[in-house]
Amino acid sequence: MTAFAQAKRSPGLVPSRARVVAERPADERALVLAAQRGEREAFSALVRTHERRAYAVARAIVVNHEDAEDAVQEAFLHAYRALHRFLPDQAFGAWLHRIVANAALDITRRRKVRDADELPETVASPFRDPAESSELRRRLQEALDTLPPRQRAVIVLHDVEGFKHAEIGVTLGIPEGTARSDLHYARSQLREVLGSVRSEL
Amino acid sequence: MTQEYRGPELVRDDDLTRELRSIYAAPSDASWWDALEQRINARIDAAVIADEWWTVPERWMRAGLIAAGLAVIVAGAMIVRSQVQVTRMAYQTVVDPASMDLPEVARGAAMTEQQARLRILTGR
């Protein structure tokens, strides 16, 4: 019986769709060890567990849904190839988020170069946004696009995804204090936009 | 006692947070996540196959290196042998011109007997 099959018998080890983020560190360690031995099913279980959080990290950095999906795919592939270098006693999520953030930053850099050669209309729209027509949403989206990528990532990771400053620091490879000040400046900018739109409407 | 500076005071804005959450809402459709998982796994499978295709097993690599080495030795020996033969023929031509089989050399290289003699003498 493979380690993954043994792990399956332990309730709560193989994540179901309903509780993808809920995980027990010991179970995850078993999955990581099994994946490191080459059990593809174990790695698939890790993908299932972490894909939502990985998407959130990527989406905080890139400007649209499609790029976030690309970043997630690239990151998981990179993680699979680098799995032998991962120390199982570390937090797999934190390690993966760093990889996702790097993949997303790469895509952002490539897009910046590509967009410099293209017409401005080619900037993609965010993922299905039914209220995009609302003035406030549109202006806020514009303001988000003008924020430096790191500040945008920090505010989204903190306010939308609930990351702590220390987690943001690890994920983006910046000091915790920098994450705090980025959050402060990003909030100030966006609050200003929000205030001016409200006074106009 | 000095207090560690923790950066600017962070003021939460619930309206802003609500708007941000609606802009950055992740897909809620479970089938989309299933599809993403499948795409990730398919991409990894494709990469693994590609990696395996390029990775030559160690014993094959060793056998290949030995075969290539042997081929180089054989080719080198043949070159040396042909050069020795040409030198010997040139020497014989000088010592005993009658022993030279010029018509045969000329026929093999598609040239006149005179050209064949010159070739043997110059070793080319």
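Biologist: The backbone oxygen of R81(A) and a polar atom of the H84(A) side chain come up together here; what makes this pair a polar contact?

Modeller: Happy to start there, with the reminder that this is a predicted model. The two atoms lie 3.2 Å apart, and the cut-off is within 3.5 Å, so the distance fits a polar contact.

Biologist: And where in chain A does H84(A) lie?

Modeller: H84(A) sits in the loop between α4 (65-82) and α5 (92-116) of chain A. Q36(A) is 48 residues away from H84(A) in sequence, yet their C-alpha atoms are 5.9 Å apart in space.

Biologist: Why is H84(A) called exposed?

Modeller: The relative accessible area of H84(A) is 60%. Exposed means over 50%, so H84(A) gets that label.

Biologist: Now the two chains. How do you know that they touch, and how much area is buried between chain B and chain A?

Modeller: There are 35 residues of chain B in contact with 44 residues of chain A. The buried area is about 4000 Å², with carbon and sulfur atoms giving 58% of that. On the side of chain B, I23(B), Y24(B) and W33(B) lose the most area, together 19% of what that side buries.

Biologist: Why quote an area at all?

Modeller: The accessible area lost when parts come together is often used to give the size of an interface.

Biologist: Which elements of chain B face chain A, and how many polar contacts cross over?

Modeller: Ten residue pairs are in polar contact across the interface, both residues being at pLDDT 80 or more. The elements of chain B giving two or more residues to that side are α1 (14-23) and α2 (30-54). Of these, α2(B) gives the most, with 15 residues. By class, that side of chain B has 18 nonpolar, four polar and 13 charged residues.

Biologist: What makes R43(B) and E74(A) a salt bridge?

Modeller: Their side chains meet at 4.0 Å, N to O, and the rule asks for within 4 Å, so the pair counts, right at the cut-off. R43(B) belongs to helix α2 of chain B and E74(A) to helix α4 of chain A, so this bridge joins two chains. The rule finds five salt bridges across the interface, and the structure holds 13 over all chains.

Biologist: Are R43(B) and E74(A) buried or exposed, or what lies in between?

Modeller: R43(B) has a relative accessible area of 29% and E74(A) stands at 26%. Buried means under 20% and exposed over 50%, so both are partly exposed.

Biologist: Why are D15(B) and R18(B) described as about one helical turn apart?

Modeller: Because they are three residues apart in helix α1 of chain B. Their closest N and O atoms are 2.3 Å apart, and they form a salt bridge. At 27%, D15(B) is partly exposed, whereas R18(B), at 52%, passes the 50% mark and counts as exposed.

Biologist: Which residues do shared partners join into one network of salt bridges?

Modeller: The network is made up of E74(A), R110(A) and R43(B).

Biologist: And what makes E142(A) and R138(A) a salt bridge?

Modeller: The N to O distance is 2.5 Å, which is within 4 Å, so the pair qualifies. Both lie in helix α6 (residues 135-146) of chain A, four residues apart. E142(A), at 40%, is partly exposed, and R138(A), at 35%, is partly exposed too.

Methods. Residues numbered from 1 in each chain as written. Chains lettered and ligands numbered in written order. Predicted model: local features only at pLDDT ≥ 70, side-chain atom pairs only at ≥ 80, totals over all residues. Heavy atoms only, no water. Contact = heavy atoms within 4.5 Å. Buried area = accessible area lost by both parts, 1.4 Å probe. Polar contact = N/O pair within 3.5 Å; in protein donor to acceptor, adjacent residues only side chain to side chain. Nonpolar A, V, L, I, M, F, W, Y, C, P; charged D, E, K, R; others polar. Buried < 20%, exposed > 50% of the residue type's maximum accessible area, 1.4 Å probe, protein only.
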